[in-house]
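Work through the exercises below with the sequence and the coordinates open. Each task is followed by a solution in steps.

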Amino acid sequence: MEPTENLSAFLAGIERRAFRQAMFATQNQEAALDIVQEAMLKLAEHYAQRPADEWPLLFQRILQNVIRDHHRRSRVRSMWISLLSALVPQRDDDEANLLDSLATTGEPAFAAPDDETGRRQTRAIIDTAIARLPLRQRQAFLLRYLEELDVAQTAAVMGCSEGSVKTHCSRACHTLAAWLEEKGIRP
């Protein structure tokens, strides 16, 4: 198989998982698609000639960096929007309370987890819980348990120590377990 074909096959194989990671990180489908595309382009442009067994870690590192860049740009954009909106006079008819639209009953969103609908709803609740984790905890959790990287590989991708990876994963697991139990799902 040609190196280009190998790279294409590799990218096709990781596409869905990368998109899922980006969705967890951004909660925005368009942004997630852009992030995955940018990470794939960077891998192809800069690392296509590297041995194929290096691509998974390189891609994960690139993907995490692109996600981090996205969050940095979003924070700067939000700061400017907040500053500029403070200068615009408020209208009295726009007093709808955002929190009213987000109110929930606290009841589990499903009755029987044995059926397909229940599994999908459980999956959606778990996805929401993962998306609520702080960025570094979510990255460590996804790399360890979704991408199945070991602690050393996760540390290399995240650019931190193995101890930090263990701490982030432990905190993520405790947070997820508590949140899921609160929603009526026993881990």
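Helices here are DSSP runs of H or I with at least four residues, strands are runs of E with at least two, and both are numbered from the N terminus. The model is predicted.

**Exercise 1. Overall make-up**

Task: Determine how many helices and strands the chain has, and in what pattern they follow along the sequence.

Solution.
- Step 1. Counting the runs gives eight helices and zero strands.
- Step 2. Read along the sequence, the pattern is therefore α-α-α-α-α-α-α-α.
- Step 3. Of the 187 residues in the chain, 32% are buried, where buried means under 20% relative accessible area.
- Step 4. The exposed surface of the chain comes to about 12,300 Å², and carbon and sulfur atoms supply 53% of it.
- Step 5. Take the contacts between residues at least 6 apart in sequence: 63% of them join residues at least 24 apart.

**Exercise 2. Nonpolar cores**

Task: Find which residues have the most contacts inside the largest nonpolar core, and which elements give two or more residues to this core.

Solution.
- Step 1. In soluble globular proteins, nonpolar side chains tend to be buried together.
- Step 2. The largest nonpolar core holds 21 residues, and L7, F10, L11, L43, F59 and L63 have the most contacts inside it.
- Step 3. Two or more residues of this core come from each of α1, α2 and α3.
- Step 4. Take F59 and set aside its neighbours within four places in sequence. Its contacts are then F10, L11, I14, A18, A39, M40 and L43.
- Step 5. A second core is separate and has 13 residues, among them F24, F141, A172 and I185.

**Exercise 3. The enclosed space**

Task: State how many cavities of 30 Å³ or more there are, then describe the lining of the largest cavity.

Solution.
- Step 1. Rolling a probe the size of a water molecule over the atoms shows where empty space is left.
- Step 2. With the cut-off at 30 Å³ or more, the count is one cavity.
- Step 3. The volume of the largest cavity is about 40 Å³.
- Step 4. Its lining consists of Q21, A25, Q64, I67, L135, R138, Q139 and L142.
- Step 5. The elements that give two or more residues to this lining are α1 (3-26), α3 and α6 (135-146). With four residues, α6 gives the most.
- Step 6. Sorted by class, the lining has four nonpolar, three polar and one charged residues.

**Exercise 4. Around the α2 to α3 loop**

Task: Place Y47, Q49 and P56 in their elements, and decide for each whether it is buried, partly exposed or exposed.

Solution.
- Step 1. Y47 is in helix α2, Q49 is in the loop between α2 (29-47) and α3 (55-87), and P56 is in helix α3.
- Step 2. The cut-offs are under 20% for buried and over 50% for exposed, with partly exposed in between.
- Step 3. Y47 has 26% relative accessibility, so Y47 is partly exposed. P56, at 36%, is therefore also partly exposed. Q49 reaches 76%, so Q49 is exposed.
- Step 4. Not counting residues up to four places away in sequence, Y47 touches K42, W55, L58 and I62. From Y47 to L58, eleven residues on in sequence, the C-alpha distance is 8.0 Å.
- Step 5. Q49 and L7 are 42 residues apart along the chain, and their C-alpha atoms are separated by 9.4 Å. P56 and I14 are likewise 42 residues apart in sequence, with a C-alpha to C-alpha distance of 8.6 Å.

**Exercise 5. Positive phi values**

Task: For Q27 and E148, give the phi angle, the loop and the exposure class.

Solution.
- Step 1. Phi of Q27 is near 60 degrees, a positive value in a residue other than glycine. For E148, also not a glycine, phi is positive and near 60 degrees.
- Step 2. Q27 belongs to the loop between α1 and α2, while E148 belongs to the loop between α6 and α7 (151-158).
- Step 3. The relative accessible area of Q27 is 53%, so Q27 is exposed.
- Step 4. E148 has 67% relative accessibility, so E148 is exposed.

Technical notes
Residues are numbered from 1 along each chain as its sequence is written. This is a predicted model: local features need pLDDT of at least 70, side-chain atom pairs count only at pLDDT 80 or more; totals for chains, interfaces and linings use all residues. Side-chain values use heavy atoms; hydrogens and water are left out. Buried means under 20% relative accessible area, exposed over 50%, partly exposed in between (1.4 Å probe, protein chains only). On a 1 Å grid over the protein atoms alone, a cavity is a set of points where a 1.4 Å probe fits but cannot get out, and a pocket is an open set with protein on both sides within 12 Å along at least five of seven lines; lining residues have an atom within 4 Å of a point. Grid points are joined across faces, edges and corners, and a volume is the space filled by probe spheres set on the points. Ala, Val, Leu, Ile, Met, Phe, Trp, Tyr, Cys and Pro count as nonpolar, Asp, Glu, Lys and Arg as charged, and the others, Gly among them, as polar. A nonpolar core is a set of buried Ala, Val, Leu, Ile, Met, Phe, Trp, Tyr and Cys residues joined through side-chain atoms within 4.5 Å. Contact means heavy atoms within 4.5 Å. Accessible areas come from the Shrake-Rupley method with a 1.4 Å probe; for residues, only the protein chains shown count as cover.
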